[in-house]
Amino acid sequence: MSGSARLPVVQDESPRSSPRNDGSVIDDHISLAELLDLDAFKDVCASFVDLYKIGIKIFDADGTKLVDIRVGNGDWCGYIFQNPVGRQKCTGLVGKIKSFDYQGLTAGKIVEQHCFSGLKYVIMPITYGGDYLGRVIYGPFRPSNLGKPASAVQEFPEFDPEKLWSFVGKIRKAPDETIIKILNNFRGVIDTITFIAMKAHMTQRLHVESVTASYNELSETNQKLRQSFEKLQALDKMKSNFLAMISHELRTPLTSVIGYSEMMIEGMAGDINDEQREYLETIKDKGESLLSLIGSLLDMSKMEAGAMQMNLQVFDTATVVEQARTSIVPQASKKRIQLEVDVPSDLPEYRADPDRLRQSLVNLMGNAVKFTPENGRIDVIARPWCGVLPSEAGGRFGPPERAFVRFDVKDTGIGIPPDKLETIFKSFYQVDNTITREYGGTGLGLSIVKRFMQAHGGDVEVSSEPGAGSTFSLLIPVT
Ligand code: ADP
C-alpha cells in the first residue's frame, strides 16, 4: 500500500476486531451483513455511484463482498485484462487489496491505493463504537494529474497504451480533495445507517434478553412451585391416611359408648332415675353426633386418598329417598317442619351408589332442617332433567345437554348470601364461622355431597334467596 500519508485522518479511534459474542447485548458484536438491510443499503450505494460516477465496493469484516457497483472503467480494465501481463498485475492488485490488514487501520482514516495503470482507489474502514465492521473501496477514478497511462503499462508486450487511453473519457476525473469530500459524505450516510441498524438490533436483543430472563425466572419459580406442590401432595396424603386411621380407631369405642348408654336407658343394667336417664340420653346424643362426624371425616379422607369404592347399580329410588326421609323425621318433627317427598314412579333408569345417594340426601335434608326455622317446610322432589352441569357450563359453544335424574331439596330456611354460594362446598367452610354460631356442624357435609356426586359423573348445585330459602339439587347422569 502506498501514499496513504497525503490523505487526512478524520477521526482518531482505534478499531478492534469484531468477534461475535453470545453474552450480554452490551458486548454484542455483529457483522455488517447481519446488521444491514442489504437491498436498501445497495440502493443507497447505487445512488452515490449514480451521482458521482465512481464505483463502490463494500466488504464485510471477514472479507465477504456485500456491494459491488461498477461504473465507467469496464473498457479500460477489460483491455488490460486481455493482456497476460495486465491480467497478472490486475490479479496481484486485487489480492493486495484483499489481504491488506484493514482491521489495523485507524477508524475514519482513508488510504489510497494506486493501480499500476495510473488510476486510483481509496479505501475507508467502516467502524461502529471502535469495532471494525468492514471497508469501502471507492474507485477507480482518474487522478487530476494523470495525462497518459502509467509507465508500467507502456512496458506491456503487445499492448497499445494509446488504445487504453482512448477509454479514459468514461472514467471520472477527480482531484483528491473532491474524493475526500465525497467519501466523508458517504461515511456520514454509512454511520447513520449503522447507528440506526445497531439501535434496532440492540432494542431487539434487549427485548430477547429480557424475555429470556423472565422466562428463566418463571421456569425457576415453576420448578419451586412444583416441588412445593409435590411436598404438599405428600403431606396431604399423610394427613388423609392419618385421619382415616384415627377415625377408624375412634369408631369402635364410640359405638360401645352409644350401645352401652342405650342399654342403660333401656334398664338392662337396673333401674335408673329420671336425672340419670337425662344424662344418659345426652351421652347417647353427643356420641351419635360424634360418630356421624367421624363417619364424615372417614369419607373425606378416603375420597382424598382416592380409596372410595363406588357400588353403582340400578335400584328403587323411592326406597332410598324414603330411608333418608325417615332418618330426618325426628329432627324435623322437633321443629315442626313439614317434610314432603315426591318421587315419580317413571323416573328414567340410572346407575348410582344407593348408599352414597342416601347419605347425600340425608346431608342436604339435615342442613335444610338445621337452617329452617320452626314451622317451615322442606320438599324433596326427584325428576328427570336435561341440561349441562354447572362445572361444564360456560364458553360460547358449551357441551351439549345431557339427561340427568335430579333431586331437589328445597327449604324455606334462612338462605345463603350470593357470594357464599360457591364456598359452602369447600371442606370445613361454614357461612357463620364465629365461635358463638347458632348452628352446629363441621362444614364437611356439602363437600362430601359434592365429591359423591362428582364420583357419579354428576354434580350438586344450589340456588338460594337469603331470608326465603334454598334449593340444593343433586344431578346424576342417566346412563
Ligand atoms: P355444616 O352443615 O356441617 O356446617 P355443610 O358443608 O353441610 O356443613 O354446609 C356448609 C355451610 O353451608 C353451612 O355451615 C351453612 O352455612 C351453609 N348451608 C348449607 N345448607 C344450607 C341451607 N339449607 N340453608 C342455609 N345455609 C346452608
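A: Helices here are DSSP runs of H or I at least four residues long, numbered from the N terminus. The model is predicted, so to speak on paper: local features need pLDDT of at least 70 and side-chain atom pairs pLDDT 80 or more, while totals for chains, interfaces and linings use all residues. Residues count from 1 along each chain as its sequence is written, and side-chain values use heavy atoms, without hydrogens and water.

Q: How do α8 and α11 pack, and at what angle?

A: Two packed helices are described by the angle between their axes and the distance between the axes. Here α8 (residues 274-304) and α11 (residues 445-455) pack at about 40°, axes 10 Å apart (lines fitted to C-alpha atoms over the stretch in contact, angles from 0 to 180 degrees between N-to-C directions). That makes α8 oblique to α11, meaning not under 35, over 145 or 65 to 115 degrees.

Q: Which residues make the contact?

A: With contact meaning heavy atoms within 4.5 Å, α8 brings Ser 296, Asp 299, Met 300, Met 303 and Glu 304, and α11 brings Ser 447, Ile 448, Arg 451 and Phe 452.

Q: What about empty space: which residues line the largest cavity?

A: Rolling a probe the size of a water molecule over the atoms shows where empty space is left. The largest cavity (1 Å grid points over the protein atoms alone where a 1.4 Å probe fits but cannot get out; lining residues have an atom within 4 Å of a point) is lined by Lys 239, Leu 243, Leu 297, Met 300, Ser 301, Glu 304 and Phe 428. α8 gives the most, with four residues.

Methods:
Helices (H or I, at least four residues) and strands (E, at least two) are DSSP runs, numbered from the N terminus. On a 1 Å grid over the protein atoms alone, a cavity is a set of points where a 1.4 Å probe fits but cannot get out, and a pocket is an open set with protein on both sides within 12 Å along at least five of seven lines; lining residues have an atom within 4 Å of a point.
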